[in-house]
Amino acid sequence: MKTILLAMLVLGALGGLFGALLAFASKIFHVEVDPKQAQIRSCLAGANCGGCGYPGCDGYAAAVAAGEAPTNKCVAGGEATAIEVAAIMGVSVDAAEKMVAFVPCSGSAEAAELRFNYNGPEDCRAAMLFGGNSSKLCTFACIGLGNCAKACQFDAMHIIDGVARVDRLNCVGCGACVEACPKDIVKLIPEKQKIMPACSSRDKGAAVMKICKVGCIGCMKCQRECPADAITVKDNLAEVDVTKCVQCGHCADICPRGIITYFGPEYQNR
């Protein structure tokens, strides 16, 4: 019993000593935090998505408080958050153009021919290690195993019929899906841009027609008929210059493959 009591006394004394040392160290090494940093942090969305380009909400709040970052970088919070942060910093807010994710691929299970049936882990990177660029014959195609969807914290990315699809209503443009895609297919585009070719293939038209029912064949019809001169076919793929596009939709109407996508009122990448 004496041994037990002695051990308890020793442990209690050590605990008190270490506690005192920690309290002393916290005062010696205390770093003053700008009150504005805490105020800014409370305004942010708290998603820690990294869309601002800083390591989480705390990192961004510290950068803004120090005058090292603009007030409109919280993509999850949007304009309302930017206004609050600007008010705290006593500056005017600059409107940031909202961006949304876009997957330029239409190679669904029905449209794209397969090289083989993949039965491994539900991970795009693992599938690439197993079978090269893709289980599909089109080496530019979305693998469709959902790395992007897993990375999205806003329920804006879903795998539908073997291809990643974006719900524009939920997308905040944080770019987490862009970073997660091992094939670098996912892009961020201005939300106002509603005309985009939903294909990434650079193969020649004859080759595309053999392996995908909807892939761009580089026929140049869209380029020739665009009234705003906003479309150029480069390396067999139609590309839209968003600075010139007037959103008329003519290219989507005349595309013989139906590959140029118009984001209608439902705002879905289909």
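**Helices 3 and 4, two pockets and a loop**

In helix 4 of this predicted model, the buried residues are Thr81, Ala82, Val85, Ala86 and Met89. These residues sit on the same side of helix 4, because the arc they cover around the axis is only 135 degrees. That fits the usual geometry: an α-helix makes a turn every 3.6 residues, so residues three or four places apart point the same way. Helix 4 itself runs from residue 78 to residue 89, 12 residues in all, and spans 17 Å from its first C-alpha to its last. The span is close to the 16 Å expected at 1.5 Å a residue. As for what lies over the buried residues of helix 4, the cover includes helix 2 (35-43) and helix 3 (56-65). Just past the end of helix 4 comes Gly90, with a positive phi of about 70 degrees.

Helix 3 is next. Seven of its 10 residues are buried, so helix 3 is largely enclosed by the rest of the structure. The buried set is made up of Gly56, Cys57, Tyr60, Ala61, Ala63, Val64 and Ala65. Helix 2 and helix 4 are what these buried residues of helix 3 pack against. A glycine with a positive phi turns up here too: Gly67, just after helix 3, has a phi of about 75 degrees.

Between helix 3 and helix 4 there is a loop, and Gly77 is found in it. Gly77 counts as partly exposed, because its relative accessibility is 24%, and the cut-offs for that class are 20% and 50%. Along the chain, Gly77 and Pro55 are 22 residues apart, and their C-alpha atoms are separated by 16 Å.

Now for the empty space. Rolling a probe the size of a water molecule over the atoms shows where such space is left. The largest pocket has a volume of about 410 Å³. Its lining counts 16 residues, and those nearest the centre are Asn72, Val75, Ala96, Glu97 and Lys98. Helix 4 comes back into the picture here, as it supplies the largest share of this lining, three residues. Sorted by class, the largest pocket is lined by seven nonpolar, four polar and five charged residues.

The second largest pocket holds about 270 Å³ of space. It is lined by 17 residues, with Pro104, Lys187, Cys199, Arg202 and Leu237 closest to its centre. Two elements give two or more residues to this lining, namely strand 5 (195-197) and strand 7 (237-240). Of the elements, strand 7 gives the most, with four residues. By class, the lining of the second largest pocket comes out as 10 nonpolar, two polar and five charged residues.

Strand 7 also marks one end of a loop that deserves a mention, the one between strand 6 (231-234) and strand 7, where Asp235 is found. Asn236 lies in that loop as well. Neither is a glycine, yet Asp235 has a positive phi of about 50 degrees, and Asn236 has a positive phi of about 70 degrees. As for accessibility, Asp235 counts as exposed, because its relative value is 57%. Asn236, with a relative accessible area of 26%, is partly exposed.

Conventions
Residues numbered from 1 in each chain as written. Predicted model: local features only at pLDDT ≥ 70, side-chain atom pairs only at ≥ 80, totals over all residues. Heavy atoms only, no water. Expected span 1.5 Å × (residues − 1). Buried < 20%, exposed > 50% of the residue type's maximum accessible area, 1.4 Å probe, protein only. Arc of directions from axis to C-beta. Contact = heavy atoms within 4.5 Å. 1 Å grid on protein atoms, 1.4 Å probe; cavity = no way out; pocket = protein on both sides within 12 Å on 5 of 7 lines; lining within 4 Å. Points joined across faces, edges and corners; volume = space filled by probe spheres on them. Nonpolar A, V, L, I, M, F, W, Y, C, P; charged D, E, K, R; others polar.
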